[in-house]
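Let's take a walk through a protein chain together. Keep the picture handy, and follow along as we go from the overall layout to a few single residues.

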Amino acid sequence: MGACECPALFLLLSLLLLPLGLPVLGAPPRLICDSRVLERYILEAREAENVTMGCAQGCSFSENITVPDTKVNFYTWKRMDQALEVWQGLALLSEAILRGQALLANASQPSETPQLHVDKAVSSLRSLTSLLRALGAQKEAMSLPEEASPAPLRTFTVDTLCKLFRIYSNFLRGKLTLYTGEACRRGDR
């Protein structure tokens, strides 16, 4: 194996292990800065949303699930702690997907297709969390000065799997994409 094949092999192995939700040791810390990586997660989220659109039976939750608001006001976005907003939103979204997974598992007639997409979303969110941690989002979010009180995360509730996946897809396409784009540009300076 030639010397130029090793980085390509390493990248291929990293991308293969990424969907497992396992932290990839030695992975390039700025892998999330490759737009193709984030686009893959966005496509998976959109596919899950599209699959669950027609799902009426078995896709309603027995309780409401709290999710982050995905709307972005660009005026306030530029002035807020974006890392904290994304980190808290990702954490809440992960909790929501896990809660949806539990509610689907306890449903009287669980459907395999929605369950498969929920399982993929759980894995993807773990991978995204690892990628954001490697980018430094967690440290950035936790390094707020004592006197700076962050605005509380805006939330609302959903009652169906389709709405949950719509929020998931919108969060990835909106706040996560905006944050990673800016964080990657800052890192390139």
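Before we start, one word needs a meaning: two residues are in contact when they have heavy atoms within 4.5 Å of each other. Keep in mind, too, that what you're looking at is a predicted model.

Start with the big picture. The chain is built from seven helices and two strands. If you read along the sequence, these elements come in the pattern α-α-β-α-α-α-α-β-α. There are 189 residues in the chain, and buried ones make up 40% of them. Now think about who touches whom. Take the contacts in the chain with a separation of 6 or more: 83% of them are between residues 24 or more positions apart.

Let's zoom in on a pair of helices, α4 and α5. Helix α4 covers residues 82-105, and helix α5 covers residues 112-135. How do they sit against each other? The axes of α4 and α5 come within 10 Å and cross at roughly 155°. An angle over 145 degrees counts as roughly antiparallel, so that is the label for α4 and α5. Their crossing is also left-handed.

Which residues do the touching? On the α4 side you'll find, among others, Val86, Trp87, Leu90, Leu93 and Ile97. On the α5 side, the residues taking part include Val118, Ala121, Val122, Leu125 and Leu132. Sort the residues of this contact by class and you get 15 nonpolar, four polar and two charged. Asp119 and Arg133 of α5 are part of this contact as well.

Now pick out one residue from that contact, Gln115, which has its place in helix α5. Is Gln115 buried or exposed? Its relative accessible area is 17%, and the cut-off for buried is under 20%, so Gln115 counts as buried. If we leave aside its neighbours within four places in sequence, Gln115 is in contact with Gln101, Leu104 and Ala105.

Follow one of those partners, Leu104, and you land in helix α4. Leu104 is buried too, with a relative accessibility of 4%. Another useful distance to look at is the one from Leu104 to Pro114: they are 10 residues apart in sequence, and their C-alpha atoms are 8.4 Å apart in space.

Helix α5 has another partner to show you: helix α2, which runs over residues 35-53. The axes of α2 and α5 come within 10 Å, and they cross at roughly 155°. That makes α2 and α5 roughly antiparallel to each other, and their crossing is left-handed. From α2, the residues in this contact include Val37, Leu38, Tyr41 and Val51. They meet a set of α5 residues, among them His117, Lys120, Ser124 and Leu131. By class, the residues of the α2 and α5 contact divide into seven nonpolar, four polar and three charged. One residue worth finding is Leu128 of α5, listed in the contact with α2 and also in the contact with α4.

Time to switch to charges. Side chains of opposite charge can pair when their charged atoms come close. How many salt bridges does the structure hold? The count is eight, and we'll visit a few.

Begin with Arg154 and Asp69, whose closest N and O atoms are 3.3 Å apart. This salt bridge links distant parts of the chain, as the two residues are 85 residues apart. Arg154 is in the loop between α6 and β2, while Asp69 is in the loop between β1 and α3. Their surroundings can be compared by accessibility: Arg154 is partly exposed at 40%, whereas Asp69 is buried at 11%.

Next come Glu182 and Arg185, which form a salt bridge with their closest N and O atoms 3.3 Å apart. Both are in helix α7, and because they are three residues apart there, about one helical turn separates them. Glu182 is partly exposed, with a relative accessible area of 24%, and Arg185 is partly exposed at 48%.

Finish with Lys163 and Asp159, a salt bridge where the closest N and O atoms are 3.1 Å apart. Lys163 counts as partly exposed at 37% relative accessibility, and Asp159 is partly exposed at 32%.

Technical notes:
Residues are numbered from 1 along each chain as its sequence is written. This is a predicted model: local features need pLDDT of at least 70, side-chain atom pairs count only at pLDDT 80 or more; totals for chains, interfaces and linings use all residues. Side-chain values use heavy atoms; hydrogens and water are left out. Axes are lines fitted to C-alpha atoms, for helices over the stretch in contact, and angles run from 0 to 180 degrees between N-to-C directions. Helices (H or I, at least four residues) and strands (E, at least two) are DSSP runs, numbered from the N terminus. Angles under 35 degrees count as roughly parallel, over 145 as roughly antiparallel, 65 to 115 as roughly perpendicular and the rest as oblique. A crossing is left-handed if the near helix is turned anticlockwise from the far one by less than a right angle, and right-handed if clockwise. Ala, Val, Leu, Ile, Met, Phe, Trp, Tyr, Cys and Pro count as nonpolar, Asp, Glu, Lys and Arg as charged, and the others, Gly among them, as polar. A salt bridge is a side-chain nitrogen of Lys or Arg within 4 Å of a carboxyl oxygen of Asp or Glu. Buried means under 20% relative accessible area, exposed over 50%, partly exposed in between (1.4 Å probe, protein chains only).
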